[in-house]
Amino acid sequence: MQFSDLPNVSREDISNVSETQLANAEPITHAPRVLLLYGSLRERSYSRFLAFEAERLLKAYGAETRVFNPSGLPLPDDADASHPKVTELRDLCAWSEAHVWCSPERHGAMTGVMKSQIDWIPLSTGAIRPTQGKTLALLQVSGGSQSFNAVNQMRVLGRWMRMVTIPNQSSVPKAYLEFDDEGRMKPSPLYDRVVDVVEELVKFTLMVRGRSDYLVDRYSERKATREKNSAASLAARDAVA
Ligand SMILES: Cc1cc2nc3c(=O)[nH]c(=O)nc-3n(C[C@H](O)[C@H](O)[C@H](O)COP(=O)(O)O)c2cc1C
């Protein structure tokens with residue numbers, strides 16, 4: 001089968017998909033830049049502890065990290081986008097190449113604190129798409145038995161933000177048993193799983209960054225842009241004539 005046998009495909013918009021193209025990554029030498037978001041404002045917050053645990057591991061794997069503190073972030077649309085906490089979040093997002101999202105489960109869902117942060121990040125501002133093509137790892141804590149509601153919802157959200165969400169994830173049940181008085185996670189298979197997730201995130205980030213523009217470039221969008229541009233140039237020509 002060839003594209004010429006597919007009459008509904010616009011051949012001029014087809015991308016050259018090949019290993020050579022994938023090998024032509026933009027060279028990047030700086031440490032992977034990871035933004036960590038957590039979804040709780042409680043003083044003794046296990047999702048924050050877990051995010052900081054992931055941050056320690058990321059640093060050990062050679063990443064550069066930033067953790068956003070959601071305290072003071074207004075509810076979506078309850079303030080102008082020039083609000084300092086909103087600009088802080090958006091600037092961190094622009095800086096980052098990868099994200100870690102760590103939410104508690106509340107009423108079988110990610111928290112509003114977690115979702116509000118994502119809702120403040122625009123899918124696109126002009127040509128810039130702050131999250132598209134960036135890698136994402138998901139973590140959750142719960143008070144009850146092990147559950148995957150929050151990570152499952154954040155996985156949907158990650159897809160919506162056009163992120164490359166890694167397959168592994170961590171869900172820490174009965175989180176109040178897993179952290180010591182200093183907020184450090186105790187050794188356990190659950191901790192080992194967090195190491196797995198962080199390791200996988202760093203690997204995927206090294207693989208994807210430098211190639212993300214190519215990876216997320218879409219046939220339908222190229223086609224739509226070309227059609228819009230040719231319609232605009234025809235209109236300009238008619239205006240001159
Ligand atoms: C309003 C509310 C709803 C909750 N719903 C759930 C739930 O659906 N499933 C669960 O396992 N734990 C639930 N919990 C327990 C939290 O997941 C647990 O306290 C967790 O540690 C909160 O995260 P944090 O420590 O980062 O604040 C709920 C707690 C609250 C206050």
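## A tour from the α2/α6 packing outward

Begin by selecting helices α2 and α6, which are oblique to each other because an angle counts as oblique when it falls outside the ranges for roughly parallel, roughly antiparallel and roughly perpendicular. The model on the screen is a predicted one, and every value on this tour is computed from it.

With both helices shown, note that α2 covers residues 46-60 and α6 covers residues 189-208, and that they pack at an angle of about 50 degrees with their axes 10 Å apart. Two packed helices are described by the angle between their axes and the distance between the axes. If you turn the view along the line that joins the helices, you can follow the sense of the crossing, in which α2 passes α6 in a right-handed manner.

Next, show the side chains at this contact: Glu-53, Ala-54, Leu-57 and Leu-58 come from α2, and they meet Val-194, Val-195, Val-198 and Val-202 of α6. By class, the residues of this contact divide into 7 nonpolar, no polar and 1 charged.

Keep Ala-54 selected and widen the view to the largest nonpolar core, which has 48 residues and in which Ala-54 is among those that touch the most other members, together with Leu-36, Leu-50, Val-100, Cys-102 and Leu-201. From that group, centre on Cys-102, which, leaving aside residues up to four places away in sequence, touches Leu-36, Tyr-38, Gly-39, Ser-47, Leu-50, Ala-51, Ala-54, Leu-139 and Gln-140.

Leu-139 gives a starting point for a distance across the model: draw a line from its C-alpha atom to that of Ala-231, and the separation is 46 Å, for two residues that are 92 residues apart along the chain. At the far end of that line, Ala-231 is found in helix α8, residues 219-240, and it counts as exposed because 10 other C-beta atoms lie within 10 Å, where 12 or fewer is the limit for that label.

The last stops concern the backbone. Select Asp-77, in the loop between β2 (64-68) and α3 (84-95), where phi is positive at about 70 degrees although the residue is not a glycine. Is Asp-77 buried or exposed? Asp-77 has 9 C-beta neighbours inside 10 Å and therefore counts as exposed.

Then move to Arg-162, in the loop between α5 (149-160) and β6 (164-172), another residue other than glycine with a positive phi, here near 55 degrees. Arg-162 has 16 C-beta neighbours inside 10 Å, so it counts as partly exposed.

Conventions. Residues numbered from 1 in each chain as written. Predicted model: local features only at pLDDT ≥ 70, side-chain atom pairs only at ≥ 80, totals over all residues. Core = buried A, V, L, I, M, F, W, Y, C linked by C-beta atoms within 7 Å. Buried ≥ 20, exposed ≤ 12 C-beta atoms within 10 Å, placed from the backbone. Contact = placed C-beta atoms within 7 Å. Helix = DSSP H or I, 4+ residues; strand = E, 2+ residues; numbered from the N terminus. Axes fitted to C-alpha atoms, helices over the stretch in contact; angles between N-to-C directions. Parallel < 35°, antiparallel > 145°, perpendicular 65-115°, else oblique. Left-handed = near helix turned anticlockwise from the far one by under 90°. Nonpolar A, V, L, I, M, F, W, Y, C, P; charged D, E, K, R; others polar.
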